[in-house]
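Here is a briefing on one protein chain. Look at the sequence and the structure first, then read the points below.

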Amino acid sequence: MHKLTGPVASLTAFRLLPRPSPLNLGYFAVAGAQEMAEIKVQAAPRDHELPLVMPDAGASGDKPRKPKRVASLDIFRGLTVALMILVDDAGGEWPMIGHAPWNGCNLADFVMPFFLFIVGMAIPLALKRIPDRFAATKKVILRTLKLLFWGLLLQGGYSHAPDKLSYGVDMKMIRWCGILQRIALAYLVVALVEIFTKNPQENYESSSSFSIFRKYCWHWLFGACVVTVYLAILYGIYVPDWQFTVQDRDNPNYGKFFRVTCGMRGNLDPPCNAVGYVDREVLGINHMYQHPAWKRSKDCTVNSPYEGLIRNDAPAWCYAPFEPEGILSSISAILSAIIGVHCGHVLLHLENHSTRLKHWVLMGLSLLILGIILHFTHAIPFNKQLYTLSYVCVTAGAAALVFSAFYVLVDVWGLHLPFLPLKWIGMNAMLVYVMAAEGIFAAFINGWYYDDPRNNLVHWIQKHVFIGVWHSKRVGILLYVIFAEILFWGVVAGLLHWLGIYWKL
């Protein structure tokens with residue numbers, strides 16, 4: 001994931017809630033949706049067979065009936081935040097877990113689709129009852145605006161943390177797109193579809209797997225429209241030649257002028273794809289991400305897949321910016337949230353664990369196989385930067401399977417203890433995302449240095465506690481991220497959970 005963050009901890013806002021009981025846990029979803037679950041009593045069920053069904057909550061304004069969280073969703077969210085921290089802070093030393101330079105799918109490339117899947121799955125749980133569509137829409141729009149605000153603040157260039165002890169952005173260079181902005185778009189669109197296409201008085205009677213598709217056919221029709229528009233633009237739009245001047249002041253080629261030759265359509269290579277063309281025309285090339293993953297490709301650097309200086313014979317596009325969370329790719333990303341919404345509907349309508357799991361696993365395997373076929377037949381490659389259809393299928397299928405595994409382990413078998421740090425992170429996901437993944441807390445610590453800004457506590461711990469002990473920078477950084485960042489924030493989130501403090505949007 002991309003790290004452009006800043007010292008904005010003073011702007012963070014917390015909501016202090018009553019300390020939750022075992023059946024009334026504080027809650028948070030990355031997209032602002034609130035998911036809760038209640039126990040629906042059946043004839044003398046055993047404890048491990050109690051089906052989880054969502055109560056009325058969220059946009060309806062009704063008070064939930066002593067809800068119990070779907071713990072597996074919290075843990076899955078916590079895992080996704082932990083993966084973001086891992087690939088951001090250790091990916092430089094371990095490029096195999098960082099973003100693929102172009103085609104391909106590494107560990108980091110699963111993070112964004114997992115977030116969108118979780119956001120989608122939370123939507124039907126929060127919008128189970130919608131007696132007032134206007135009020136529900138108002139809440140959705142407000143949460144969307146909050147996400148856009150935090151996205152611009154953290155990734156728009158205003159914040160330079162954790163590496164630089166400064167802040168501020170030239171509005172001529174502000175980055176309009178980013179992780180939270182993409183989540184905001186997907187959340188807004190899919191939540192509005194949910195609000196305006198479902199029966200406000202839905203009774204959630206037991207359904208069959210097929211009837212869920214029929215009941216929510218408008219969601220799938222909308223998804224089909226998204227695919228059609230995306231593919232039509234991706235393969236149909238003509239991409240002309242383009243030119244640019246390097247505007248990144250930290251780049252040794254600052255001020256140089258380059259020209260890229262295209263004049264084609266339907267191309268999925270870095271310089272001449274429609275995704276980049278749409279962003280250059282709509283956003284403006286100066287408002288795009290200045291450090292795209294393609295700069296680690298073999299065409300661009302001799303150190304590939306590591307970062308390094310651009311080759312002397314590198315093509316012109318290696319010096320150009322590219323927006324991995326751009327407009328056209330974000331349209332395609334809505335599909336990840338739609339698939340997540342479907343899994344949320346399954347949780348609401350199917351009453352027992354085995355039926356739910358069969359549906360999720362079958363759908364996950366089907367998507368996974370479809371994506372693999374599209375990629376290895378060279379029809380549509382895996383590509384996170386373009387958010388291709390094969391990439392959507394593989395990552396959404398993987399999300400369904402990972403969630404199913406957590407559901408079995410935690411909600412069916414009751415194995416909560418091994419996953420407590422992830423659960424706590426998932427229950428305070430926004431806090432951990434901002435403080436750890438976006439480096440705000442590290443920036444605060446780095447601001448207290450001795451003689452030189454690089455002589456700070458974070459650097460000392462990395463050097464003497466981890467790298468020095470293992471005599472390896474790669475191993476030391478990896479262990480530092482796991483223990484001093486992920487596990488540390490798991491403990492902090494657990495303490496905040498004990499105190500009843502959650503950051504909600």
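A residue counts as buried when its relative accessible area is under 20%, and as exposed when that area is over 50%. The model is predicted. On this footing, helix α11 (residues 420-427) has the buried residues L422, K423, I425, G426 and M427. The cover over these buried residues includes α1, α12 (429-437), α15 (473-499) and β10 (501-502).

**Disulfides**

- The structure holds 2 disulfides.
- With the bonded cysteines numbered in sequence order, the pairing reads 1-2, 3-4.
- One disulfide is formed by C262 and C272, with 2.1 Å between their sulfur atoms.
- This link of C262 and C272 is left-handed, with -85° about the S-S bond.
- The pair connects distant parts of the chain, 10 residues apart. C262 sits in the loop between β6 (257-260) and β7 (264-265), and C272 sits in the loop between β7 and α7 (274-282).
- C262 and C272 are both buried.
- Another disulfide joins C300 to C318, at 2.0 Å from S to S.
- The link of C300 and C318 is left-handed, with -80° about the S-S bond.
- C300 and C318 are 18 residues apart, and the pair links distant parts of the chain. C300 lies in the loop between α7 and α8 (327-349), and C318 is also in the loop between α7 and α8.

**Accessibility of cysteines**

- Is C300 buried or exposed? C300 has a relative accessible area of 0%, so it is buried.
- C318 has 0% relative accessibility and therefore counts as buried.
- C217 counts as partly exposed because its relative accessibility is 39%.
- C225 has a relative accessible area of 43%, so it is partly exposed.

**Helix α1 against helix α10**

- The axes of α1 (residues 71-90) and α10 (residues 389-412) come within 8 Å and cross at roughly 130°.
- That angle makes α1 oblique to α10.
- The crossing of α1 past α10 is right-handed.
- On the α1 side, the contact is made by A71, S72, L73, I75, F76 and L79.
- On the α10 side, it is made by A399, V402, F403, F406, Y407, V410 and D411.
- By class, the contact of α1 with α10 has 11 nonpolar, 1 polar and 1 charged residues.
- Helix α1 also appears in the cover of the buried residues of α11.

**Helix α4 against helix α6**

- How do the axes of α4 and α6 cross, and at what angle? The axes of α4 (residues 179-197) and α6 (residues 217-236) come within 10 Å and cross at roughly 140°.
- The crossing of α4 past α6 is right-handed.
- From α4, the residues V189, V193, E194 and T197 take part in the contact. They meet W218, H219 and F222 of α6.
- The contact of α4 with α6 divides into 4 nonpolar, 2 polar and 1 charged residues.

**Backbone features in loops**

- The peptide bond from S304 to P305 is cis, with omega near 10°.
- P305 is in the loop between α7 and α8. The cysteines C300 and C318 are placed in the loop between α7 and α8 as well.
- Which phi value does H378 have? Its phi is positive, at about 60°, although H378 is not a glycine.
- H378 is located in the loop between α9 (353-376) and α10.
- The relative accessible area of H378 is 72%, so H378 is exposed.
- D451 is not a glycine, yet its phi is positive, near 75°.
- D451 lies in the loop between β8 (449-450) and β9 (452-456).
- With a relative accessible area of 75%, D451 is exposed.

Methods. Residues numbered from 1 in each chain as written. Predicted model: local features only at pLDDT ≥ 70, side-chain atom pairs only at ≥ 80, totals over all residues. Heavy atoms only, no water. Disulfide = S-S within 2.5 Å. Helix = DSSP H or I, 4+ residues; strand = E, 2+ residues; numbered from the N terminus. Buried < 20%, exposed > 50% of the residue type's maximum accessible area, 1.4 Å probe, protein only. Axes fitted to C-alpha atoms, helices over the stretch in contact; angles between N-to-C directions. Parallel < 35°, antiparallel > 145°, perpendicular 65-115°, else oblique. Left-handed = near helix turned anticlockwise from the far one by under 90°. Contact = heavy atoms within 4.5 Å. Nonpolar A, V, L, I, M, F, W, Y, C, P; charged D, E, K, R; others polar.
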